[in-house]
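Please take a moment to look over the chains before reading on. The paragraphs below go from one strand and its partners to the domains, and then to the contact with another chain.

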Amino acid sequence: MENMVNVYFYGKKYSVPADLTIMTAMEYAGYTLKRGCGCRHGFCGACATIYRIKGKNELKTCLACQTQVVEGMCVASIPFFPTDKKLYDINDIEAKRQIMMELYPEIYSCIGCNACTKACTQDLNVMQYIAYAQRGEFEKCAEASFDCVGCGCCTVRCPAGISHPHVALLARRLVGKYIAPESKHLANRVDEINSGAYDELIEAIMQKPIAEMQELYNTRDIEK
Amino acid sequence: MFTPEMLQSIKKVEATREARMGTEPRRMTAEEKSELLKAYHPDYRADGFAEIKIGPNKGEKVPAELGHLLHSNSRILNANIDLNKVDYDVDVLVIGGGGAGASAAIEAHEAGANVMIVTKLRIGDANTMMAEGGIQAADKENDSPVQHYLDAFGGGHFAARPELLRRLVMEAPDAIQWLNKLGVMFDKDADGNMVTTHGGGTSRKRMHACKDYSGAEIMRTLRDEVINRQIPVVEFTSAVELIKDDKGQVAGAVLLNMETDDYMVAKAKTVIIATGGAGRLHYQNFPTSNHYGATADGLVLGYRAGAPLLYQDTIQYHPTGVAYPAQIFGALVTEKVRSIGAMLVNVDGEAFMHPLETRDVSAASIIRECSDRGKGVPTPTGFGIWLDTPMIEQLHGEGTIEKRIPAMLRMYLNYGIDMRKVPILIYPTLHYQNGGLEIGGDGFTKAIDNLLVAGEAVGGIHGRNRLMGNSLLDIIVFGRNAGKAAAAKAKQVELGAMTLEHINDYAKELQKAGIESNDVSPLLLPKYARHER
């Protein structure tokens, strides 16, 4: 007999094998998932989930695909949560503190409750990266938020109405585009290609007979 | 967390680590690789395949599960859909909301077209989001697009379509620059040089990365850009058939609202199929690294409309899927783990192969080690091979794993396994569809001249095997190209009367071939729900 545990999906009791994740346990219980299921491997944030263990007060947040079931888990999924994503043209904005004030002024209403950090399914220091955003320290904000999967559990719990993943994404785009140093070798290579420097060479290799390509491939030098 | 047998084997791995550190296992010769693949790669298992009975690829080999879908009935065969009631009317219809679809939509929008995305889950619920290791581009001094071409052509067994591969490698640096200008945060040093590494089968270090969230960083940036541009994205809506017109052109698609089960009609001057891969069909019962919606829908509806497939019989099994623990069985362990130094080691602690052979060769070698050679580590679901991750910290210093592969560290720590201290168990997982719908160098299908395909749904870009980092690249290069080409083409297209007659014709073909099926396709979602009765 498999080791089973009792869990509650939206308050309804099911007995499921103990080695399943919340997501696979729901499928075991007979659910066909449409919302609340995306990559199934912890990268897309589709399966934001909230639960309490029966009899305990603490409210927990997690990704259903990355969390094993335990006895007494009382689960509700959060397949969608309205967030406040501001529209902007990345080419028309500047990497200055002002932009956060314009687009996401609510971050300055943060009351420091740290509920966002406690809710983070990736164990990020969310309140800290919001503090970096407030101060216009975009690189630090980008670094601290980099592993965000956008599940939105932070946003669900925020009393100030902040949509943290959108703030972080703005910071990262500003860093990627404006703050990180330019790659000269990349710009050079794009220019070379555009000027036709490789046209003849690529044409030549495309025309080579397979036997010659095999020889070239099998004897090519490999960078150490 | 580990079983006693595993713990015993770990001791052997630890005992040989010091001696292995300074060595590089020999790479296989071309003959050795060829023999290995024939004997152990799943593509060579005859019982995993069926014959296509009708349509342009009639008589060719196809994975049995995909063959079944090609031989199933249309979902709307008897649905009586009124094509005169048009719900959406656009220049460019993009089917699929992954990296290829988003790139296509952005470029079509940039070109001034009225473009719309439909996607059966959310925008970004796609294999792009899960690509961990990186994206190739020959942008370093010691490298060139020609070298990139040679690596990819050889790695794909000399079967790539030259005109497609040419586009892939020649437009790669521009793709990286485009992403960078959109704000994608690539790993760079203080001077702005891209931090690049090897992937299996590369001869130059040209793998660009965003830690091990490379695809996620690209996808979330593209998604943000799509939203900023206010491109309509109709989520939880799948395309179930293409609509054609009386001139043989494609004219849109019949859509299905996944939540209400209502059908809708989208009319379009050009259509881009960007529906991605097929991992959730679980070929040969393999687990998969793919996202929930990877069910080859685009291949089915494209084929039904008359577009041929190419290399539909070649599948990529990623050598390093999770073998243990069960909760993450089949999940991807990025190739970057090997790029930065981890060796593949068997139950006795022996490094039995070079860690950076191409993916097909690596997968076959691991399968051989676990089967005929009997050197696999037993797990509750089968066997696994060690990926000796503690080597990474010994080679590059403490903290390297957290900095370079944080997603991997987090995934295993969830289950009490600290890959900085202990090796991890892997086994091949169904990862990528090398084949797909056939396109020409301009991105259009050859059969229907206003139908385009981009991303994993395309066949022929990589040949019969794909190198790490060339898929994130292909979705960007071919997605962008498709968007531009579709926008330009839409200006010339004059649609005739819309029709679904090709669906009836296809049904008649099935009947003539003696095929009766009670199933419908495209599949849309895998059937994972367990029902006791």
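Two strands are said to pair if DSSP finds at least two bridges between them. With that in mind, and remembering that this is a predicted model, we can begin with strand β9 of chain B, residues 237-245, and its neighbour β10 of chain B, residues 250-257, which run antiparallel and are joined by seven bridges. Within this pairing, B:E241 of the one strand stands opposite B:V254 in β10(B). The two strands form a hairpin, with four residues between them, and in the turn B:G248 has a positive phi of about 85 degrees.

A second partner of β9(B) lies much further along the numbering: strand β21 of chain B, residues 498-499, runs antiparallel to β9(B) and is joined to it by two bridges. Here it is B:K244 that stands opposite B:T499 in β21(B). How enclosed is β9(B) by the rest of the structure? Eight of its nine residues are buried, so the strand is largely enclosed by the rest of the structure.

Turning from the strand to the domains, chain B is divided into domain 1, made of 4-40 together with 316-430, and domain 2, made of 88-314 together with 434-469. The centres of these two domains of chain B, taken over C-alpha atoms, are separated by 29 Å, and 26 residues of domain 1 are in contact with 27 residues of domain 2. On the side of domain 1 of chain B that touches domain 2, at least two residues each are supplied by β13 (315-322), α11 (336-339), α12 (359-370), α15 (406-413) and β17 (424-433). Of these, β13(B) gives the most, with four residues, while the residues of that side as a whole divide into eleven nonpolar, nine polar and six charged.

The remaining topic is the contact between the chains, where 69 residues of chain B are in contact with 63 residues of chain A. Several helices of chain B each supply at least two residues of the side that touches chain A, namely α5 (127-130), α6 (145-155), α7 (162-170), α8 (172-182), α9 (214-228) and α15. Which of them provides the largest share of that side? The largest share comes from α8(B), with seven residues. By kind, the residues of the side of chain B that touches chain A divide into 33 nonpolar, 18 polar and 18 charged. Helix α15 of chain B thus appears on two sides, supplying at least two residues where domain 1 touches domain 2 and at least two where chain B touches chain A.

Technical notes: Residues are numbered from 1 along each chain as its sequence is written. Chains are lettered from A and ligands numbered from 1 in the order in which they are written. This is a predicted model: local features need pLDDT of at least 70, side-chain atom pairs count only at pLDDT 80 or more; totals for chains, interfaces and linings use all residues. Domain bounds come from an automatic or database domain assignment. Two residues are in contact if their C-beta atoms, placed from the backbone, lie within 7 Å. Ala, Val, Leu, Ile, Met, Phe, Trp, Tyr, Cys and Pro count as nonpolar, Asp, Glu, Lys and Arg as charged, and the others, Gly among them, as polar. A residue is buried if 20 or more other C-beta atoms lie within 10 Å of its own, exposed if 12 or fewer, and partly exposed in between; C-beta atoms are placed from the backbone.
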